[in-house]
Amino acid sequence: MRALGAILVKDLRVELRTLESVPGMVLFAVTTFVIFRFGLDRTSLDGSLAAGVLLATVLFAAILAVNRIFVAERDQGGLDAIRLAPVDANALLAAKVAALVVYLVILEAIAVPIFAVFFLDEWSALAPLALVLLLADLGLAATGALVSSLATGSRARDLLVPLVLLPLIVPLMIAAAAAAEPLLAAGAPEYDEVATWLAVLGLYDVVFLLVGYGVFDFVLED
Amino acid sequence: MATSTKRDNGVAEVHDAQQGREPPAIRLAGLWREFGERIALQDVSLELAHGDSLVVIGPNGSGKTTLLRVLATLLRPSGGDVAVLGARLPREAWRARGRIGYVGHEPLLYRDLTVSENLRFHATLYGIEAPERRIDELLERVGMSRRAGELTRNLSAGMAQRAAVCRAVLHEPELLLLDEPSAHLDPEASELIAPLITAGAGRTCVTVTHDFRAGLAAGGRALALGHGGWAVYSGPAEGLSASDAEAIYRGALR
């Protein structure tokens, strides 16, 4: 926990100082909403279309951060420094997952209200939607951090991350969209099947956190 | 001129334990390291006692940095037996980690953190409690007290090297691995860091250097690697003359 906390605080401090990831993610999301608004020529979205627009935007914005999350460790020797220290390598992965979740929560805290202003007539679903997004964020961060650690040594990192990450994320996106769809349905939100899909999201999160825990040591080895 | 004899580490450690002897700080027996088709180190064997110093010399591409990274547990040996601080590598690397200080070609400092933030970060990783006094003392000793609040990206290469030495000795390691520690340093800075990176009092030092005259004159043991990563010489530093060392660099001695 000591190492996890130190690496997380370091990452957040560097992000606060350099603003390399989060502002880019927010700008990307807002620009995408504007494009959808004029591209679809709609002032209101609901159901599966609303869920799709929101989740696809968050996913592609997240890739910007996933691409960068291990760059400092690789380019500035952080991986060597952490491997020399008496800490569990998984603390590094856990810290990167936590940092990505923080970035995504900040992104969504800004982007979701903008999405609601652009497209939603009914705002009462935003609170339960936050739970869907949080579980999706955790899965996205767990998978993203692992893929990023695998790709970070490659010169084709920017291409490799989306190519590997997107297929792995498909089940997460299906579950998140299915959970968000009834919440964003026209009229009052429906909660009937949400719990089932939240459980699927939780299961995805657990599986990818465990996969990361199991393989990260080997990823770090030369 | 002779390389040391090969011994099986497992057998050697049992033998040491039976004799009530502390195992050496470093024991290599027939170490090999390959990168794909290229062989970086071939059949390197040596023993280094606790508190001893070893200078490693050899031409570019002879495997000096690779050797240091294997000893630092950052690279897995491809073959042979390697034991560092009593831990057999790579299986027991976790036992040696945290007891090794390493100065490599990169300072291993985050460019967007200040010097003191970097050192505090490393102190936390090593579980050093209330590290401020130790950090202040080290920065004072390398003449960087006034640069502690500066971002590492703004430091010159020499200043970054001084900070890297502070990082490497922060946790008072038992084994110090130094890859050209005086690189980028002016003579005054080299003098400032010298007391921090010398062997003795339970600290073992392995130093890679191209300044073989100074390295051999410092005494201790010497390992000369030739082209192809062979150990051309392994023994006391005084047993290797400067002219032989020069011949190893030229590739005339193999």
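In what order do the 4 strands of the antiparallel open sheet in chain B stand? The order is β2-β1-β4-β5. This is a predicted model. Chain B also holds an open sheet of 6 strands, with mixed pairing. Chain B touches chain A as well, through 20 residues of its own.

**The antiparallel sheet of chain B**

- Two strands stand at the edges: β2 (38–48) and β5 (87–89) of chain B.
- Each of these edge strands has a single partner strand, so one side of each is left without a neighbour in the sheet.
- Neighbouring strands of this sheet are turned against each other by 25° on average, direction ignored.
- Strand β1 of chain B covers residues 26–35 and pairs with β2(B) in the antiparallel sense.
- That pairing runs over 7 bridges.
- One residue to find is B:Arg33, whose bridge partner in β2(B) is B:Leu41.

**The mixed sheet of chain B**

- The 6 strands follow the order β6-β7-β8-β3-β9-β10.
- At the edges stand β6 (100–103) and β10 (231–236) of chain B.
- Each has a single partner strand, so one side of each lacks a neighbour in the sheet.
- From one strand to the next, the twist averages 10°.
- Inside this order, β3 (residues 53–57) and β8 (residues 204–208) of chain B pair in the parallel sense.
- Their pairing has 4 bridges.
- B:Val55 stands opposite B:Thr207 in β8(B).

**Helices on the mixed sheet**

- Helix α2 of chain B spans residues 64–71.
- Helix α2 lies across four strands of chain B: β3, β7 (175–179), β8 and β9 (221–225).
- Its direction runs at about 155° to β8(B).
- Helix α6 of chain B, residues 157–169, packs on the sheet too.
- Helix α6 touches β6 and β7 of chain B.
- The direction of α6 makes about 170° with that of β6(B).

**Where chain B meets chain A**

- The contact takes 20 residues from chain B and 22 residues from chain A.
- On the side of chain B that touches chain A, the elements giving two or more residues are β6 and α4 (115–125) of chain B.
- Of these, α4(B) gives the most, with 4 residues.
- The residues on this side of chain B divide into 11 nonpolar, 4 polar and 5 charged.
- Strand β6 of chain B therefore appears twice in this briefing: it is an edge strand of the mixed sheet, and it gives residues to the side that touches chain A.

Notes: Residues numbered from 1 in each chain as written. Chains lettered and ligands numbered in written order. Predicted model: local features only at pLDDT ≥ 70, side-chain atom pairs only at ≥ 80, totals over all residues. Pairing = 2+ DSSP bridges. Axes fitted to C-alpha atoms, helices over the stretch in contact; angles between N-to-C directions. Contact = placed C-beta atoms within 7 Å. Nonpolar A, V, L, I, M, F, W, Y, C, P; charged D, E, K, R; others polar.
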